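Thanks for coming. I have one structure to go through today, and I will keep it short.

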Amino acid sequence: MGKYQIIAATGCPTGIAHTYMAQEALEQAAEKRGVSIKVETHGQTGVENALTDEEIREADGVIVAADKDVAIERFAGKRVINVSVSKGIKMPDELVDRILNDDQVPIYHADKAQQQPTTEKESVSAAGIGHQLYVYLMNGVSHMLPLVVAGGVLTACSFFWGIHSAEQGNPEFNQFAYLLNTIGGFAMNLMVPVLAAYIAEAIAKRSGLIVGFTVGMIAYTNGTGFLGGLVGGFLAGGVVLVLNKLFAKLPKSIDGLKAIFILPVLGTLIAGLTMWYLSVPMEAINEGMMNFLKQMEDANPIILGAIVGAMCAFDMGGPVNKAAYLTGTALLAQGNYYFMAGVSAACMVPPLATGVSVLLNKKAYTEKERSAGYVNFLLGATHITEGAIPFAAKNPLINIPIFMFGSAIAAILSYVTRTSVPAPHGGFIVLPIVNRPFMWVIDIFVGAVIAGILLAFAEGRTKAAPEVATEAAATEATETTVTAPVAEASETPVEDEDSLGSILKQEYIQIDVPCDTRDAVLDYLSITAEKLGLTTNSEAVYQKYQAREASGSTGMERGIAIPHAEDASIKQPAMLILKLRNGVEWESFDGQPIDTVISFLIPESGGEAHLHYLSETSKRLMQEDFVDQLKAANDAYTIYRLFTETEA
């Protein structure tokens, strides 16, 4: 087995979509840079593609993109970046570049397990603490969720024989229904102890797991519900950590005794007593929350639906979404099936809306986006919200509010129609156990269609922006040439459609340029032009670049900018192309950082040629396949052939 330059671990609480989206994003980012990577996934089916001790030992660096415990202590002595799974999806290029090139990435030390390695943006002393607490919570949720699914479905199936079929002595009583209800109830009752145990396990490993189970049982028995399990898990893990520190100086020879006697006994006693006395106020809080939500369902279904729908679509699998989802899960365990109906409906709308949008406005999407939209019909139908994330990321300020609006409509309709869903996951798969299946499908369909129509309209307007930009650029170029004498302009003949080959050479194309600001890019272009003998005055060219940007940004969309300069010091028309190592901030139509720069250098008498070159390039950039190939190209020869052999 060959050495992997980078190893990674990904995981999300539900282990369904985010885990594998982060894996794919990191693998693609590494492939673009020609480096080898192996990604271990912590999904709902367990650990897949597991990293071996040899692979960990030989790797240059580690990326952990997870919202659950992935046994990070294995990476002691390695440079480790530890971020949320969403960052693994949204910024894989930055993570790969940092682990390859940033010497400031800290080395992880197993004896300082709580001092998790992070990027500067997520230091443990600040936001990283919140992320780590979230990881602990989600480790409990990921182990709890299958129990709730299994218990909820079996309990709901027991109602097929009648709403009272599991009640002994009732005329509807059925023995098999009774067994289903009892077994499902056992699974649901384990929810709180398992939640507490695996939160504690993420904090303090096996000793935390043992104490967590006990504290979780106390929380369940005393009626504190989901809230008790959550508090109990952190309490158990914290107590074990403190005990570990207190007994850290004991001889190594009694480590075994400490693990099987001292920590479990003292941890269970201290955390158990604390939880016992906390149970009284927590039970009151739990009952108050249940009563409040019950009143909201009955008296204000519209307000409740608007809040729940907006939360579910706001970050699609993130903390806000999970807050609504976990509330629904907790209520399921206490026999409230109405709240989860709105949550599930809201979670299903965003991916379904992208499919509707693609069907209504195919021209606004690339072939890949259309394929993703069609796949999202399947993902949405099975309650996998994350399929909508790439669409939301394209234009978050517009698309996310649209998703929130559609999800709110679906949730409101679900509460108004008093639909109940006794399972926390599955989407349309659980329709047989929904009390109003046909009505629930209509509720979701209405929300998805409304959001899809709005999304199609918004995408259509966004798609028109490049065409407007091309016309504006052409107009600007024409206006630039007005001051030039007509006789001088005619001295530079307009080339045919293959004329880009006359101003572009392979040495004019540079890859992996390390600029980090727009001005640095313009300065780099000016200096490069002088080194190549294209100008006698790099400073004058730089000033012309700046003047052009001041009159209107040359940033377009999809990370492409087309700065140009016309000056007397420029000897001949030329086209320079830079592929930047990292995207830089540059005002553009879609707000994306710029990572590809196509620049034109035009002699003072070359105005008409300038317009022609700009037009020919803009036509190529309007072709989705051309842009995809340009983005994927990582060598000068490929880019040169792409511009000179592709027809406009």
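This is a predicted model. I will start at methionine 144, which, leaving aside residues up to four places away in sequence, touches Met191, Val194, Leu195, Phe226, Leu326 and Thr329.

Where does Met144 sit in the wider packing? Met144 belongs to the largest nonpolar core, which has 50 residues, and together with Leu326 and Val343 it touches the most other members. At least two residues of this core come from each of several helices, including helix 5 (127-157), helix 8 (225-246), helix 9 (255-299) and helix 11 (319-333). Helix 7 gives the largest share, 13 residues. There is another core apart from this one, with 46 residues, and Val513, Ile602, Ala636 and Ile639 are among them.

Next, a helix pair. Helix 12, residues 338-360, packs against helix 15, residues 396-416, at an angle of about 145°, and their axes are 8 Å apart. The crossing is right-handed. On the helix 12 side the contact includes Phe339, Val343, Ala346 and Val349; on the helix 15 side it includes Phe403, Gly406, Ala410 and Tyr415. Sorted by class, that contact has 13 nonpolar residues, 5 polar and no charged ones.

Last, the strands. Strand 4, residues 61-66, runs parallel to strand 5, and 4 bridges join them. Which residue of strand 5 is the bridge partner of alanine 65? That is valine 83. Is strand 5, residues 80-83, covered or open on its faces? Both faces are covered: Val80 and Asn82 are buried on one side, and Ile81 and Val83 are buried on the other.

That is what I have.

Terms used: Residues numbered from 1 in each chain as written. Predicted model: local features only at pLDDT ≥ 70, side-chain atom pairs only at ≥ 80, totals over all residues. Heavy atoms only, no water. Buried < 20%, exposed > 50% of the residue type's maximum accessible area, 1.4 Å probe, protein only. Helix = DSSP H or I, 4+ residues; strand = E, 2+ residues; numbered from the N terminus. Pairing = 2+ DSSP bridges. Axes fitted to C-alpha atoms, helices over the stretch in contact; angles between N-to-C directions. Left-handed = near helix turned anticlockwise from the far one by under 90°. Contact = heavy atoms within 4.5 Å. Nonpolar A, V, L, I, M, F, W, Y, C, P; charged D, E, K, R; others polar. Core = buried A, V, L, I, M, F, W, Y, C linked by side-chain atoms within 4.5 Å.
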